[in-house]
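Here is a short walk through one protein model, written to be read with the structure open beside you. We begin with a helix, move on to its rings, and finish with a sheet and a loop.

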Amino acid sequence: MTFITRFAPSPTGPLHLGHAYSAIISHDMARRKGGKFYVRIEDLDQSRSKKKWENQIFEDLDWLGLSWDGPIVRQSEELEKYKNILTNFKNELGLFECFCSRKDIKLALSAPHIDDKFLGPDGLVYPGTCRENIVSSKINFNNVLRMKVNLGEEKIFTFNELGQKKGKISFTLSEFLKTIGDVVLWRKSYPAYHLACVIDDAHQNITHVVRGMDLFEATKIHTVLNTYFGFHKPFYYHHKLICDENGKRLAKRDDSKSIQKYRLEGFKPSEVRAMIGF
Ligand SMILES: [Zn+2]
């Protein structure tokens with residue numbers, strides 16, 4: 001089996017040191033194993049994605065000395081693929097239409113009968129308001145669609161972690177429901193991040209998913225979806241997050257740490273690599 005990793009940025013701003021760290025680990029891991037390293041452009045949110053940022057991503061990676069294998073997948077070009085899979089698995093997923101605003105969800109969560117107001121990797125844990133709106137015939141892709149976590153089939157899910165929390169990570173469906181909830185899979189005009197990510201990792205035969213610890217909990221969502229879809233389960237390597245001098249995690253808009261800024265200031269790739277420990 002070929003060892004395959006990927007780097008999957010959104011072209012909504014410049015790459016910063018945190019992205020470089022992730023891309024270098026992923027790239028080097030694949031190259032050491034004689035495998036493949038893919039770059040996937042996660043441009044589903046077309047209102048925020050810009051061609052200019054996409055071009056810059058490739059310039060920055062090249063400048064850092066990274067090479068990638070083709071073809072480049074752009075998620076915005078794959079909408080039919082995501083729609084087809086949702087259509088094929090709508091019953092297994094218990095797909096339902098949700099008409100709640102964020103405010104509605106907050107109000108429902110403040111109701112006295114729900115004690116844990118928990119913020120999970122998919123945002124506020126959904127209170128289940130629209131669970132009766134099961135999609136029974138054709139899917140209307142102009143709506144928000146969620147999966148109904150069905151406790152009728154309680155079971156244990158596991159994924160293999162190779163990073164900081166190394167080991168076999170297990171969780172039950174009831175834990176999933178309590179801490180993550182009925183995940184959004186479709187957002188009115190495009191798929192939710194979790195859905196697209198899982199489908200693309202499977203279709204690109206990614207064997208090792210390398211990314212930051214900020215996505216560690218979301219891996220439970222990916223594991224459940226992989227199981228429902230019958231996809232192979234990749235190994236996960238969640239690495240530490242790169243922080244600024246105040247210990248704050250670098251944000252997308254933190255242009256002061258962007259690769260391009262270092263390039264323009266005359267830094268060498270080796271100096272930028274050294275800043276993040278390579
Ligand atoms: Zn709802």
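This is a predicted model. In helix α2, the buried residues are Trp-53, Glu-54, Gln-56, Ile-57, Phe-58, Asp-60 and Leu-61. Their cover includes the strands β1 (4-7), β2 (36-41) and β3 (69-74), along with the helices α1 (17-32) and α9 (259-264). An α-helix has 3.6 residues a turn, so residues three or four places apart point the same way.

How far apart are the end C-alpha atoms of α2? They are 18 Å apart, which agrees with the 18 Å expected for the 13 residues of this helix (residues 51-63) at 1.5 Å a residue. After α2 comes Gly-65, which has a positive phi, near 90°.

**Aromatic pairs**

Searching the whole structure turns up eleven aromatic pairs. Two of them are set out below.

| Pair | Centre to centre | Angle between planes | Geometry |
|---|---|---|---|
| Phe-58 and Trp-68 | 5.2 Å | 45° | tilted |
| Phe-96 and Tyr-126 | 5.9 Å | 35° | tilted |

Take the pair of Phe-58 and Trp-68. Phe-58 belongs to helix α2 and Trp-68 to the loop between α2 and β3, so their pairing ties together parts that are ten residues apart in sequence. Phe-58 has a relative accessible area of 14%, so this residue is buried, the limit being under 20%. Trp-68, at 28% relative accessibility, counts as partly exposed.

Now turn to the pair of Phe-96 and Tyr-126. Phe-96 lies in strand β4 (residues 96-98), while Tyr-126 is in the loop between β6 (123-124) and β7 (144-146), so this pair ties together parts that are 30 residues apart in sequence. Are Phe-96 and Tyr-126 buried or exposed? Phe-96 counts as buried at 0% relative accessibility, and Tyr-126 is buried too, with a relative accessible area of 6%.

Tyr-126 has a charged companion as well: Arg-146 lies over the face of its ring, 3.8 Å from the ring centre. In a similar vein, Lys-261 places its charged end over the ring of Tyr-262, at 5.4 Å from the centre. Elsewhere, Phe-89, Phe-229 and Phe-231 are linked into a cluster by ring pairs.

**The sheet that holds Phe-96**

Strand β4 is part of an open sheet of four strands, in the order β4-β7-β10-β11, with antiparallel pairing. Why is one side of β4 and of β11 (190-191) left without a neighbour in the sheet? Both strands stand at the edges and each has a single partner strand, so one side of each is left without a neighbour there. In general, strands of a sheet pair through backbone hydrogen bonds, either parallel or antiparallel. Here, β4 and β7 are joined in the antiparallel sense over three bridges, and Cys-98 stands opposite Val-144 in β7.

**A lysine in a loop**

Our last stop is Lys-257, in the loop between β13 (235-239) and α9. Is Lys-257 buried or exposed? Its relative accessibility is 14%, so Lys-257 counts as buried. What does the side chain of Lys-257 join through a polar contact? The partner is the side chain of Glu-245, in a polar contact of 3.4 Å. Setting aside neighbours within four places in sequence, Lys-257 is in contact with Leu-15, His-16, Leu-17, Asp-244, Glu-245, Leu-250 and Tyr-262. Tyr-262, one of these contacts, is also the residue whose ring lies under the charged end of Lys-261.

Definitions and conventions:
Residues numbered from 1 in each chain as written. Predicted model: local features only at pLDDT ≥ 70, side-chain atom pairs only at ≥ 80, totals over all residues. Heavy atoms only, no water. Helix = DSSP H or I, 4+ residues; strand = E, 2+ residues; numbered from the N terminus. Expected span 1.5 Å × (residues − 1). Buried < 20%, exposed > 50% of the residue type's maximum accessible area, 1.4 Å probe, protein only. Contact = heavy atoms within 4.5 Å. Polar contact = N/O pair within 3.5 Å; in protein donor to acceptor, adjacent residues only side chain to side chain. Phe/Tyr/Trp six-rings, centres within 6.5 Å; stacked < 30°, edge-to-face > 60°. Lys NZ or Arg CZ within 6 Å of the ring centre and 35° of its normal. Pairing = 2+ DSSP bridges.
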